[in-house]
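Grab a coffee and work through these exercises with the model open on your screen. Try each task before you read its solution.

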Amino acid sequence: MCATCGCGDAPDAHDDEHEHSHVLPDGTVLRHRHAHESGPSRLIAVERDILAKNDHIAAYNRGFLAARGTLCLNLVASPGAGKTTLLERTLADLRGEVPLAVIEGDQQTDLDAARIRATGVPAVQVNTGKGCHLDAAMVRRALARLDPPERGVLLIENVGNLVCPAGFDLGEAAKVVLASVTEGEDKPLKYPDMFAASTVMLVSKADLLPHLDFDVTALVANARRVNPGIEVFVLSARTGEGMAAWYGWLRARLAQAAEPVV
């Protein structure tokens with residue numbers, strides 16, 4: 001393996017320029033040529049290429065959804081924060097009022113998509129394999145299968161991860177990050193990119209607060225150190241506490257998305 005770029009070429013293959021390829025998650029082959037470069041600079045160049053391609057596809061997704069008046073939200077959180085349970089409660093409460101659809105992201109299995117379909121709402125499962133996040137190309141393919149509702153809400157449950165999904169635009173209107181009361185108040189400080197990129201923080205599993213030594217005020221203060229404008233809702237999908245405020249925010253954003261583009 002080449003120590004310069006990490007490809008499979010032998011070290012002496014870099015006496016002059018050479019070309020090799022990277023296969024992106026959507027199957028696209030990215031070819032590039034370089035000579036002797038420092039490892040970090042070459043990796044940065046490849047990362048920029050990948051992100052630029054992702055952003056191009058995300059812009060397509062955003063335009064497609066905007067033309068339909070569809071509000072798309074990207075739900076992000078660490079594993080076990082309660083994303084799927086929140087979705088189940090939200091879908092059950094709003095299904096008769098708002099057209100809904102879901103894209104489920106996981107490395108393996110379709111267990112979460114099955115839970116969503118059990119509510120009567122259409123869902124497409126996207127498995128990322130070894131990937132730690134959804135990307136815009138995966139969402140574009142899922143959109144073709146799902147045909148999301150016009151003037152409705154598309155909810156994307158991203159892979160459980162507070163790092164990788166922060167850097168990948170899917171074409172969503174907003175990222176919504178869940179922070180469970182079973183986690184630490186310092187989560188926003190440890191994973192600042194995710195909280196900085198999110199429009200809303202949902203403090204989930206609030207029904208457990210009487211049994212925990214958890215400071216919601218400290219969590220909110222830490223989130224606003226990273227992102228002063230982040231909106232916060234403390235809620236419990238199990239008991240329904242705080243869900244009305246979350247629904248009010250969602251309805252207001254849907255009304256904006258459904259307005260005709262002038």
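**Exercise 1. Two helices that meet**

At roughly what angle do the axes of helix 2 (residues 83–94) and helix 8 (residues 243–257) cross, and within what distance do they come? Classify the crossing, then list the residues that make the contact.

*Solution.*
Step 1. Start with what describes a pair like this: two packed helices are described by the angle between their axes and the distance between the axes.
Step 2. In this predicted model, the axes of helix 2 and helix 8 come within 12 Å and cross at roughly 70°.
Step 3. Angles of 65 to 115 degrees count as roughly perpendicular, so helix 2 is roughly perpendicular to helix 8.
Step 4. Now for the residues. Helix 2 brings Leu 86, Arg 89, Thr 90, Asp 93 and Leu 94, while helix 8 brings Met 243, Trp 246, Tyr 247, Leu 250 and Arg 251.
Step 5. Sort that contact by class, and you get six nonpolar residues, one polar and three charged.

**Exercise 2. A lysine in a strand**

Decide whether Lys 175 is buried or exposed, and find what its side chain pairs with.

*Solution.*
Step 1. Locate the residue: Lys 175 sits in strand 7, which covers residues 174–180.
Step 2. Check the accessibility. The cut-off for buried is under 20%, and Lys 175 has 8% relative accessibility, so it counts as buried.
Step 3. Look for a polar partner. The Lys 175 side chain makes a polar contact of 2.7 Å with the side chain of Glu 172.
Step 4. Go further along the chain. Leu 73 is 102 residues away from Lys 175 in sequence, yet their C-alpha atoms are 5.9 Å apart.
Step 5. Round off the surroundings: beyond four places in sequence, the contacts of Lys 175 include Asn 74, Pro 165, Phe 168, Asp 169 and Val 200.

**Exercise 3. A serine in strand 7**

Do the accessibility check and the partner search again, this time for Ser 180 of strand 7.

*Solution.*
Step 1. Relative accessibility is 1% for Ser 180, so this serine counts as buried.
Step 2. Its side chain is joined to that of Thr 182 by a polar contact of 2.6 Å.
Step 3. Leaving out residues up to four places away, Ser 180 touches Ala 81, Ser 204, Lys 205 and Phe 214.

**Exercise 4. From helix 4 to strand 6**

Follow the chain from the start of helix 4 (136–146) through the loop to strand 6 (153–157). What caps the helix, and which of its residues are buried?

*Solution.*
Step 1. At the N-terminal end, Asp 135 is the cap: one of its side-chain oxygens lies 3.1 Å from the backbone nitrogen of Ala 137.
Step 2. Helix 4 has these buried residues: Ala 136, Ala 137, Met 138, Val 139, Ala 142, Leu 143 and Leu 146.
Step 3. Just after the helix comes Asp 147, with a positive phi of about 50°. Asp 147 is exposed, at 51% relative accessible area.
Step 4. Still in the loop, you reach Arg 151. Arg 151 also isn't a glycine but has a positive phi of about 50°, and at 48% relative accessible area it is partly exposed.
Step 5. Then strand 6, where you find Val 153. Val 153 has a relative accessible area of 0% and is buried.
Step 6. See what surrounds Val 153: its contacts outside the local stretch include Thr 70, Leu 71, Val 98, Leu 250 and Leu 254. Another of them is Ala 101, which is 52 residues from Val 153 in sequence and 6.5 Å away, C-alpha to C-alpha.

**Exercise 5. The whole chain, and how far to trust it**

Sum up the fold, then flag the stretches to read with care.

*Solution.*
Step 1. Count the elements: the chain has eight helices and nine strands.
Step 2. Of its 262 residues, 47% are buried.
Step 3. Take contacts between residues at least 6 apart in sequence: 67% of them join residues at least 24 apart.
Step 4. Turn to confidence. Mean pLDDT is 87, and 82% of the residues reach 70 or more.
Step 5. Mark the weak stretches. Over residues 1–22 pLDDT stays under 50, and the model has 47 contacts there beyond four places in sequence. Residues 29–36 also stay under 50, with 30 such contacts.
Step 6. Where pLDDT is low, the predicted coordinates shouldn't be read in detail.

Key: Residues numbered from 1 in each chain as written. Predicted model: local features only at pLDDT ≥ 70, side-chain atom pairs only at ≥ 80, totals over all residues. Heavy atoms only, no water. Helix = DSSP H or I, 4+ residues; strand = E, 2+ residues; numbered from the N terminus. Buried < 20%, exposed > 50% of the residue type's maximum accessible area, 1.4 Å probe, protein only. Contact = heavy atoms within 4.5 Å. Polar contact = N/O pair within 3.5 Å; in protein donor to acceptor, adjacent residues only side chain to side chain. Axes fitted to C-alpha atoms, helices over the stretch in contact; angles between N-to-C directions. Parallel < 35°, antiparallel > 145°, perpendicular 65-115°, else oblique. Nonpolar A, V, L, I, M, F, W, Y, C, P; charged D, E, K, R; others polar. pLDDT = per-residue confidence, 0-100.
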